[in-house]
Amino acid sequence: MAVLKYASEAILNLFRPPVTTSYPAAPIEYPDGARGHIEITIDECIGCGMCVRCCPCGTLSVDRNAGTWSINRFDCIACGYCVEKCPKKCLHMIEGYQTPDAAKGEVTYTKSPEVLEAERKKREEAAAKAAAAKAAAVAKAAEKAAEN
Ligand code: SF4
Ligand code: SF4
């Protein structure tokens, strides 16, 4: 009976389309809901670290001052939590799987020099403003003390 079953299956398969594809010669079609891999629009990242804190694999790191965001793709399970939690919506789940490699290297994305420069200026301006406000408060307190 088993032989008959396999024989009929083999004959039917002669008339069915192949279940395999010619990838990479032909483009691959990803099924609905396929998770792929994470990409970042780095210039929009504010370095809040929310993605780092929510990642169950500890595969992300962020350096706000250096303007970098790093991922070890070999440790990522493509759960999508980081995409969900990012307040700037600058993380995206992109079709396409991790390409094989000989080393488990980390990939680091760095903000463009223009954005880094603009952020540096903004930080300096905020620091100058805070210092001026502090100096004004100290002067006001000294003035008040002199009046009494
Ligand atoms: S998809 Fe999941 S495992 Fe991958 S970096 Fe984001 S939170 Fe971490
Ligand atoms: S959650 Fe988004 S904005 Fe915050 S550090 Fe991660 S990628 Fe950047």
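**View 1. C45 up close.** With 21 C-beta neighbours inside 10 Å, C45 counts as buried (that takes 20 or more other C-beta atoms within 10 Å of its own, while 12 or fewer makes a residue exposed and anything in between partly exposed, with C-beta atoms placed from the backbone). This is a predicted model, where local features need pLDDT of at least 70, side-chain atom pairs count only at pLDDT 80 or more, and totals for chains, interfaces and linings use all residues. Residues are numbered from 1 along each chain as its sequence is written, and chains are lettered from A and ligands numbered from 1 in the order in which they are written. You'll find C45 in the loop between β1 and α2 (50–54); helices (H or I, at least four residues) and strands (E, at least two) are DSSP runs, numbered from the N terminus. Leaving aside residues up to four places away in sequence, C45 touches I40, W69, K88 and C90 (contact puts the two C-beta atoms, placed from the backbone, within 7 Å). As for E114, 69 residues separate it from C45 in sequence, and the two are 14 Å apart in space, C-alpha to C-alpha.

**View 2. Around ligand 2.** C45 turns up again here: together with C48, M50, C51 and C86, it comes nearest of the 15 residues around ligand 2 (being near means a C-beta atom, placed from the backbone, within 6 Å). That shell has 12 nonpolar residues, 2 polar and 1 charged. Here Ala, Val, Leu, Ile, Met, Phe, Trp, Tyr, Cys and Pro count as nonpolar, Asp, Glu, Lys and Arg as charged, and the others, Gly among them, as polar.

**View 3. Around ligand 1.** Now for the other shell: ligand 1 is surrounded by 15 residues, with C55, C76, C79, Y81 and C82 the closest. Its make-up is 13 nonpolar and 2 polar, with no charged residues.

**View 4. Strand β1 and its partner.** β1 (residues 37–40) has alternating side chains: I38 and I40 point to one face and are buried, while H37 and E39 point to the other and are not. Its pairing with β4 (residues 91–94) is antiparallel, over 4 bridges (strands pair if DSSP finds at least two bridges between them). Across from I38, in β4, stands M93.

**View 5. The sheet of 3 strands.** This open sheet runs β2-β3-β5, with antiparallel pairing. β2 (60–63) and β5 (107–110) are the edge strands, each pairing on one side only. Between β3 (residues 68–71) and β5 there are 4 bridges, and T68 has T110 in β5 as its bridge partner.
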